[in-house]
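Student: Please take me through one part of this model closely, a helix and what packs around it. Then follow the trail outwards to the core and the charged pairs.

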Amino acid sequence: MGRYQDSVKALHDIQSLRPDVVFLDVEMPERDGIETAEEISLLLPDTDIVFVTAYQEYAVKAFELDALDYVLKPVQRERLQKTLKRLQKEKEWMAEEKRESSPQAKIHCFQSLQIEVSGLQTIRWRTAKAQELFAFLIHRRGKPVRKDYLLELFWTDMEWKKGYSLLYTTVYQIRKTLERLGNGLKITNLEDGYLLEMGGISLDVEEWESQLRSLPPISEDSLSKHMELIEQYRGDYFAEYDYLWAESERQLLLEDWYDHAMQVGRYLVGEREYPKAIALYLRLLRFLPHLEELHFTLMQQYDTVGDREAVTLQYNQLRNMLKEDFDMDPRPDVTEWLQKRKHVYRGEIEGN
C-alpha cells in the first residue's frame, strides 16, 4: 500500500508541475489508450502524453505518437522521479526558448512613457489620470502603495467616497490596458493598497543607472561606451508630463547624466578632441539652456579652436537669455574673460 501511495504522490507532483501532461493507461478497460492518445494529439497538439503500460512493446508506439515518456507497470516511484526530472528540464528549455524567440519588452521613462516590444510605441490610455497613476506605480515599482496615499496625491479635494470610486475605476482601466498589451505587467491588490509587478519587463531608467555604475574609467578603449550612455539619455524623466511627484528623481537622474557628460567632455578636451567636446557641450545645453557654466565652457572651447564668431554669438546668446528670463547680466568672471580678449573680439559683442 505504501508503494502505491508513493506512486500516487509522484504522479500528483508531476501534474502540479505540468498540468498540461496527460497520463494514459494503455490497457484501459473501456477504451484503448493508444486511440485516446491519437485523439488528444489531434485536438490538443500542445499536450504532453505519458504512457503507463505493462508491456515494453508499447514503447515504440508511444514514441511514434511523440509521447513525452512511457512508464512500465508496476509503477515505481524512482521511475516517476526520472519522468519528473525530464518534465522539469523540458519546462526550463521551453521557457528559455520562449525568452529567446520573444522580443523582450521594455518600459521607457526618459522623456515620455512608452513601451518597446518590436519597436517603441506610446501606450493608449483611457484618461490622463490613468496614465499618471500607471507612471506613478512604475515610479514606485516593487513597493506597495497605500490607497489613502493615492487619494491624497491624485484626488486631493475629492470627497473620500467618490475619490475611492475614481481610484478603483482608474485601476480597472489600467488593468484592462495592461491585459491588451499582454506584456506581464500586473497590478496586485493588497489589503490597503496596490503593488505593480513588472513580470520581468525591464525599465530604461534602471538599465541606464546600472550601466552608469558599472562603466570602466574613461579611456580611448571605453570612450564609445561612455558616449553611448550619454546618447541613451533622450530626455528628462517623464519630461513630457511634468509630474510633480517625479521631480526629485528627475533632478537626480539629470545631475548624474550631467556630471558624467562633463567628465567625458573634460577627457575629450584633454585629448584635444575639441570638435567632439563642443558637440557634447551643445547637447548638454539643449537640456540645460539656463546653465551659465555651460555657455562659458562653450565660449572657451570656441576660443581654443579660434572660432571667434562663435565665441561672441555664444556670449550674446547667454546675455540675452539671462536678461529676458532672469533680468540678470552674465557673471563678472565671464565678462572679464571676454574683456581680456578684446583685442580679438573688439566690436563684435552686441551693444559694444
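Tutor: Happy to: we will start with one helix, move on to its cover and the core, and finish with charged and polar side chains. Please keep in mind that this is a predicted model.

A little context helps before we zoom in. The protein has 352 residues, of which 41% count as buried, and its fold is made up of 15 helices and ten strands. Among contacts with a separation of 6 or more, 55% are between residues 24 or more positions apart. The accessible surface comes to about 20,900 Å², and carbon and sulfur atoms contribute 50% of that.

Now to the helix itself, H8, which spans residues 204-214. Which of its residues are buried? They are Asp 204, Val 205, Trp 208 and Leu 212. Looking down the axis of H8, you find these buried residues within an arc of 100 degrees, so they line one face of the helix. On the other side of H8, Arg 213 and Ser 214 are exposed. The cover over the buried residues of H8 includes two strands, E4 (106-108) and E10 (202-203), as well as two helices, H9 (223-232) and H10 (247-270). Several of these elements come back below, so they are worth marking on your display.

Let us follow the cover into the core. The largest nonpolar core has 74 residues, and those touching the most other members are Ile 107, Phe 134 and Phe 238. H10 is the element that gives the most to this core, with nine residues. A second, separate core has five residues, among them Val 50, Val 71, Val 75 and Leu 80. As background, nonpolar side chains in soluble globular proteins tend to be buried together.

Ile 107 takes us straight back to where we began. Setting aside neighbours within four places in sequence, Ile 107 is in contact with Asp 204, which is one of the buried residues of H8. The other contacts of Ile 107 are Leu 113, Gln 114, Ile 115, Ile 138, Leu 185, Ile 201, Ser 202 and Leu 203.

H9 and H10, two of the elements covering H8, also carry charged pairs. Across the protein there are twelve salt bridges. In one of them Arg 283 pairs with Glu 231, with 3.6 Å between the closest N and O atoms. This pair joins distant parts of the chain, since Arg 283 lies in helix H11 (residues 274-287) and Glu 231 in helix H9, 52 residues apart. Arg 283 has a relative accessibility of 13% and therefore counts as buried, while Glu 231, at 47%, is partly exposed.

H10 holds a more local example. Arg 250 and Glu 247 form a salt bridge with an N to O distance of 2.5 Å. Both residues sit in helix H10, three residues apart, or about one turn of the helix. Here the arginine, Arg 250, is buried at 5% relative accessible area, and Glu 247 is partly exposed at 30%.

Further along the chain, Arg 331 meets Glu 293 in a salt bridge, the closest N and O atoms being 3.0 Å apart. That pair again links distant parts of the chain: Arg 331 is in the loop between helix H13 (308-326) and helix H14 (332-339), and Glu 293 is in helix H12 (residues 292-304), 38 residues away. Arg 331 is partly exposed at 26%, and Glu 293 also counts as partly exposed at 33%.

H12 also houses Gln 301, which counts as buried at 7% relative accessibility. Beyond its neighbours up to four places away in sequence, Gln 301 touches Val 269, Tyr 274, Ile 278 and Tyr 281.

One last stop concerns a charge without a partner. Lys 147 lies in helix H6 (residues 147-154). Lys 147 is buried yet has no salt bridge, and Asp 192, the nearest side chain of opposite charge, is 7.6 Å away. That distance is beyond the 4 Å limit from a side-chain nitrogen to a carboxyl oxygen, so the pair does not count as a salt bridge. Asp 192 does belong to a network of salt bridges with Arg 146 and Asp 148. Lys 147 still touches Asp 192, along with Tyr 164, Leu 167, Tyr 168, Gly 193 and Tyr 194, when residues up to four places away in sequence are left out.

Definitions and conventions:
Residues numbered from 1 in each chain as written. Predicted model: local features only at pLDDT ≥ 70, side-chain atom pairs only at ≥ 80, totals over all residues. Heavy atoms only, no water. Helix = DSSP H or I, 4+ residues; strand = E, 2+ residues; numbered from the N terminus. Buried < 20%, exposed > 50% of the residue type's maximum accessible area, 1.4 Å probe, protein only. Lys, Arg positive; Asp, Glu negative; His and termini not counted. Contact = heavy atoms within 4.5 Å. Arc of directions from axis to C-beta. Core = buried A, V, L, I, M, F, W, Y, C linked by side-chain atoms within 4.5 Å. Areas by Shrake-Rupley, 256 points an atom, 1.4 Å probe, with all protein chains shown as cover.
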